[in-house]
Amino acid sequence: MGAIKAASGDAVLTFMWVFVSSMFGLFTNLIVTALGIQTLAWAPLVITTFIVFTFVFLFNLIGEALGGASFNPTGTASFYAAGVGGDTLFSMALRFPAQAAGAVGGALAVMEVMPVQYKHMLGGPTLQVDLHTGGLAEGVLTFLMSFAVLVIILKGPRNPLVQTLFLAIATITLVVAGSTYTGPSMNPANAFGWAYVRKWHNTWEQFYVYWICPFIGAILASWVFRAVFPPPAPKQKKA
């Protein structure tokens, strides 16, 4: 029952995240235009970081209210591999498809409600290089993101606002770094949702670049994290 509840929460949260996050570019454009700062090169980056910070903080609260729900399969996998949380292989076998289904729903929903003049601003990650370069890029980016998340959440500041700010900065930095390679995604569910909209969700390219390589990166990040920050040895009971 616990695994089913977790999967249900993941589906809802991922639906909401894909629906909202796909409009971050639109939000940034509208704010920049409203403030009249189109000529400032740094303005879109700063505003996008603030938007990501705001929504990540909000979604963390929603995720906690849903019993620890997550919208990113690699995040779930990395915490499991790091020995954190109560997930099992069975629970993840339920959560990952639920997250993918939620992402499909979110992508389809936002395409339905978005006004025609803004639909060109929607869309998920796209492979812009050859297959193996894309897979390597997505794997490395997910490795860096997963390691950053583990350090920030488990070893970083306890203030949730500061944690969220660091997460937003790390996310935007890696998105910019990978923008000419794979989008990037660093989130297999999000990539799958938009791939479904484009009718290439069942291709080897989508599976290899946006599922296999990110999971490898996330698991490796967890192993490196455990090597750098080994868990404390269990205390022996006195006889």
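Colleague: Which residue lies over the face of Y196?

Modeller: Keep in mind that this is a predicted model. A lysine counts as sitting over a ring if its NZ is within 6 Å of the ring centre and within 35 degrees of the ring normal. At 5.6 Å from the centre of the Y196 ring, the residue that fits is K199.

Colleague: And is K199 itself buried or exposed?

Modeller: K199 is found in the loop between α8 and α9, and has a positive phi of about 70° although it isn't a glycine. The cut-off for exposed is over 50% relative accessible area. K199 comes out at 63%, so it counts as exposed.

Colleague: M186 has a positive phi too, so to speak of another loop: is M186 buried or exposed?

Modeller: M186 is found in the loop between α7 and α8. Its phi is about 60°, and it isn't a glycine either. Buried means under 20% relative accessible area. With M186 at 5%, the word for it is buried.

Colleague: Which peptide bond is cis?

Modeller: Look in the loop between α7 (160-177) and α8, where P184 has its place. Omega is about -15° for the bond that leads into this proline. The cis bond joins G183 and P184.

Colleague: Which residues is M145 in contact with, leaving aside its neighbours within four places in sequence?

Modeller: M145 is found in helix α6, residues 131-155, and counts as buried at 12% relative accessibility. One of its partners, T171, is 26 residues apart from M145 in sequence, yet their C-alpha atoms are 7.0 Å apart in space. The contacts are L167, A170, T171, L174 and M186.

Colleague: Let's go to α1. What is the reach of this helix from its first C-alpha to its last?

Modeller: Helix α1 covers residues 2-21, which gives it 20 residues. At 1.5 Å a residue, 28 Å is expected. The model comes close to that, with a reach of 28 Å.

Colleague: Where around α1 do its buried residues sit?

Modeller: The buried residues of α1 include A3, A7, L13, W17 and V20. What covers the buried residues of this helix includes α2 (24-35), α3 (43-65), α5 (89-113) and α8 (188-198). The buried residues of α1 are A3, A6, A7, G9, D10, L13, T14, W17, V18, V20 and S21. Because they cover an arc of only 165° around the axis, they are on the same side of α1.

Colleague: How many aromatic pairs does a search of the whole structure find?

Modeller: Some of the rings join up further: ring pairs link W17, F24, F27, F55, F59 and F71 into a cluster. For the whole structure, the number of aromatic pairs is 16.

Colleague: What kind of pair do W17 and F71 form?

Modeller: W17 lies in helix α1 and F71 in the loop between α3 and α4 (73-81), so the pair ties together parts that are 54 residues apart in sequence. W17 is buried at 10% relative accessibility, and F71 is buried at 19%. Their centres are 4.3 Å apart with 10° between the planes, and planes under 30 degrees apart get the name stacked.

Colleague: And what kind of pair do W200 and Y210 form?

Modeller: W200 lies in the loop between α8 and α9, and Y210 in helix α9, so this pair ties together parts that are 10 residues apart in sequence. Both W200 and Y210 are buried. The ring centres are 6.2 Å apart and the planes make 75°, and over 60 degrees the name is edge-to-face.

Technical notes
Residues numbered from 1 in each chain as written. Predicted model: local features only at pLDDT ≥ 70, side-chain atom pairs only at ≥ 80, totals over all residues. Heavy atoms only, no water. Helix = DSSP H or I, 4+ residues; strand = E, 2+ residues; numbered from the N terminus. Expected span 1.5 Å × (residues − 1). Buried < 20%, exposed > 50% of the residue type's maximum accessible area, 1.4 Å probe, protein only. Arc of directions from axis to C-beta. Contact = heavy atoms within 4.5 Å. Phe/Tyr/Trp six-rings, centres within 6.5 Å; stacked < 30°, edge-to-face > 60°.
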